[in-house]
Amino acid sequence: MAEEPTDECGILVCAATTEQDLYRRYFYVVEDASVLGSPNVWASQVVLKAREYGCPVVAEINQGGALVRQALVNIDPTIKVLDVRARYGKQTRAEPVSLA
């Protein structure tokens, strides 16, 4: 049975200025590396980008956090993964961006 994923896995490479005051800090999307695919496909993409940019992985763990960490560690056990938990749903989090 061929796999035909319909959900995109959002993978962004981001950077930030070092301003201590969070309200003055700027954040930039360096690359959108999102992909369609199985956990092995998106995990491989995440590890590739983490290696390419020399950065840690920040992973939302609200749903499937253990899967995310395990998929990444299976590919590269040395990858640094920082877990974050979203406090609000995606729609609420997207409102300020959509208004801008």
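Is Y53 buried, exposed or partly exposed? In this predicted model, Y53 is partly exposed, as its relative accessible area is 34%. The residue belongs to helix α1, which spans residues 39-53, and together with Y26, Y28 and V30 it forms a nonpolar surface patch of about 430 Å².

The protein chain as a whole contains 3 helices and 6 strands, and their order along the sequence is β-β-β-β-α-β-α-β-α. The chain has 100 residues, of which 23% count as buried, and its accessible surface amounts to about 7,900 Å², with 53% of that area belonging to carbon and sulfur atoms. Among contacts with a separation of 6 or more, 50% are accounted for by residues that stand 24 or more positions apart in the protein chain.

Nonpolar side chains in soluble globular proteins tend to be buried together. In the present model, the largest nonpolar core has 15 residues, and the members that touch the most other members are I11, W42, V57, L72, I79 and V81. Helix α1, strand β5 (57-60) and helix α2 (65-75) each supply at least two residues of this core, and the largest share, 5 residues, comes from α1. The surroundings of V57 can be described in further detail: when neighbours within four places in sequence are left aside, V57 is in contact with V46, A50, L72, I79, K80, V81 and L82. Of these partners, L72, I79 and V81 are also listed with V57 among the core residues that touch the most other members.

V58 likewise is found in strand β5, but this residue is exposed, with a relative accessible area of 55%. Since exposed residues are those with over 50% relative accessible area, the value of 55% places V58 in that class. Not counting residues up to four places away in sequence, V58 touches L82 and V84. The C-alpha atoms of V58 and L12 are 9.8 Å apart in space, while the two residues are 46 residues apart in sequence.

Charged side chains were examined next. A search of the whole structure finds 4 salt bridges. In one of them, the side chains of K49 and E31 meet at 2.9 Å, N to O. This pair links distant parts of the chain, since K49 is in helix α1 and E31 is in strand β3 (residues 27-32), with their positions 18 residues apart in sequence. K49 is buried, having a relative accessible area of 10%. K49 and E31 are furthermore linked with E52 in a network of salt bridges.

A salt bridge also joins the side chains of R51 and D76, with an N to O distance of 3.3 Å. Here again the pair links distant parts of the chain: R51 is in helix α1, whereas D76 is in the loop between α2 and β6 (81-84), and the two are 25 residues apart. The two partners fall into separate accessibility classes, for R51 is exposed, with a relative accessible area of 52%, whereas D76 is buried, with a relative accessible area of 10%.

The side chains of R69 and D83 likewise meet in a salt bridge, at 3.1 Å from N to O. R69 lies in helix α2 and D83 in strand β6, so this pair ties together parts that are 14 residues apart in sequence. R69 is partly exposed, with a relative accessible area of 32%, and D83 also counts as partly exposed, at 40% relative accessibility.

The cysteines were considered last. A disulfide is a covalent bond between the sulfur atoms of two cysteines. With a cut-off of 2.5 Å between cysteine sulfur atoms, the count comes to 0 disulfides. For C14, the closest cysteine sulfur is that of C55, and the distance of 9.2 Å between the two sulfur atoms is too far for a bond. C14 itself counts as exposed, at 51% relative accessibility.

Note on methods:
Residues are numbered from 1 along each chain as its sequence is written. This is a predicted model: local features need pLDDT of at least 70, side-chain atom pairs count only at pLDDT 80 or more; totals for chains, interfaces and linings use all residues. Side-chain values use heavy atoms; hydrogens and water are left out. Patches are made of residues with over 30% relative accessible area and no salt bridge: like charges are joined within 9 Å, nonpolar side chains (Val, Leu, Ile, Met, Phe, Trp, Tyr) within 5 Å. Accessible areas come from the Shrake-Rupley method with a 1.4 Å probe; for residues, only the protein chains shown count as cover. Helices (H or I, at least four residues) and strands (E, at least two) are DSSP runs, numbered from the N terminus. Buried means under 20% relative accessible area, exposed over 50%, partly exposed in between (1.4 Å probe, protein chains only). Contact means heavy atoms within 4.5 Å. A nonpolar core is a set of buried Ala, Val, Leu, Ile, Met, Phe, Trp, Tyr and Cys residues joined through side-chain atoms within 4.5 Å.
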